Amino acid sequence: EGPTLPPIILSPTPITITLGAAVLVNIEGLNVRPEPGLNNTPRFNASLGAGFNVVGGPLLDAGLTWWEIQDPADPTRRGWAAADYLDVFAP
């Protein structure tokens, strides 16, 4: 008999946001803005779990990385969101 080894715990590797990626909003009421940054009025709020395609970015502003996102079902719902509140959707 040998020593008992601690169990190996596997965790998923986060997927990095890139142009063309499909992303899901990971917070309720995400402000999607007309330009990157916190100094402009949100264009609309996105619900938790809403899906978008990444169509622009990244840009840095206010210490955050911003990506331009667009609703695949409604192209008029387009704007900039902070990466901290987006998760890559990997089917």
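**View 1. The open sheet of 5 strands in the predicted model.** The strands follow the order β6-β5-β4-β1-β7, and their pairing is antiparallel. At the edges stand β6 (74–82) and β7, each of which pairs on one side only. From one strand to the next, the twist averages 40°.

**View 2. Strand β1 and the strands that pair with it, β4 and β7.** Strand β1 covers residues 22–25, and it pairs with β4 (residues 51–61) in the antiparallel sense through 3 bridges. Here Leu24 has Gly51 of β4 as its bridge partner. Strand β7 (residues 86–88) also runs antiparallel to β1, and 3 bridges join the two. In this pairing the bridge partner of Val23 is Val88 of β7.

**View 3. The two faces of β1.** Side chains alternate along this strand. Val23 and Val25 point to one face, where they are buried. Ala22 and Leu24 point to the other face and are not buried.

**View 4. Strands β5 and β6 side by side.** The two strands run antiparallel and are joined by 6 bridges. Trp66 has Ala82 of β6 standing opposite.

**View 5. The largest nonpolar core, a set of 16 residues.** Phe52, Ile69 and Leu86 have the most contacts inside this core. At least two core residues come from each of β1, β2 (30–32), β3 (44–46), β4 and β5 (64–71).

**View 6. The surroundings of Leu86, one of the core residues with the most contacts.** When residues up to four places away in sequence are not counted, Leu86 touches Ile17, Val23, Leu24, Val25, Asn26, Leu30, Trp67, Ile69 and Ala81. Among them are Val23 and Val25, the two residues of β1 that are buried on one face of the strand. Ile69 is on the list too; like Leu86, Ile69 is named among the residues with the most contacts inside the core.

**View 7. The aromatic pair of Phe44 and Phe52.** The structure holds 1 aromatic pair. Phe44 and Phe52 form this pair, with 6.2 Å between the ring centres and 25° between the planes, and the arrangement is stacked. Both members are buried: Phe44 has a relative accessible area of 11%, and Phe52 has a relative accessibility of 1%. Phe52 also appears among the residues with the most contacts inside the largest nonpolar core.

**View 8. Glu68 in strand β5.** Glu68 counts as buried because its relative accessibility is 16%, and the cut-off for buried is under 20%. Its side chain meets that of Arg78 in a polar contact of 2.9 Å. Neighbours within four places in sequence left aside, Glu68 is in contact with Asn53, Val54, Val55, Gly56, Arg78, Gly79 and Trp80. Arg78, the partner in the polar contact, is thus one of the residues on this list.

**View 9. Asn40 in the loop between β2 and β3.** A polar atom of the Asn40 side chain lies 3.3 Å from the backbone oxygen of Glu35. Asn40 touches Glu35 as well as Arg33 and Pro34, residues up to four places away in sequence not being counted.

How values were computed
Residues are numbered from 1 along each chain as its sequence is written. This is a predicted model: local features need pLDDT of at least 70, side-chain atom pairs count only at pLDDT 80 or more; totals for chains, interfaces and linings use all residues. Side-chain values use heavy atoms; hydrogens and water are left out. Buried means under 20% relative accessible area, exposed over 50%, partly exposed in between (1.4 Å probe, protein chains only). Helices (H or I, at least four residues) and strands (E, at least two) are DSSP runs, numbered from the N terminus. Two strands pair if DSSP finds at least two bridges between them. A nonpolar core is a set of buried Ala, Val, Leu, Ile, Met, Phe, Trp, Tyr and Cys residues joined through side-chain atoms within 4.5 Å. Contact means heavy atoms within 4.5 Å. A polar contact is a pair of N or O atoms within 3.5 Å; within protein, one must be able to donate a hydrogen and the other to accept it, and residues adjacent in sequence count only if both atoms are side-chain atoms. Axes are lines fitted to C-alpha atoms, for helices over the stretch in contact, and angles run from 0 to 180 degrees between N-to-C directions. Rings of Phe, Tyr and Trp (its six-membered ring) pair if their centres lie within 6.5 Å; planes under 30 degrees apart count as stacked, over 60 as edge-to-face and the rest as tilted.
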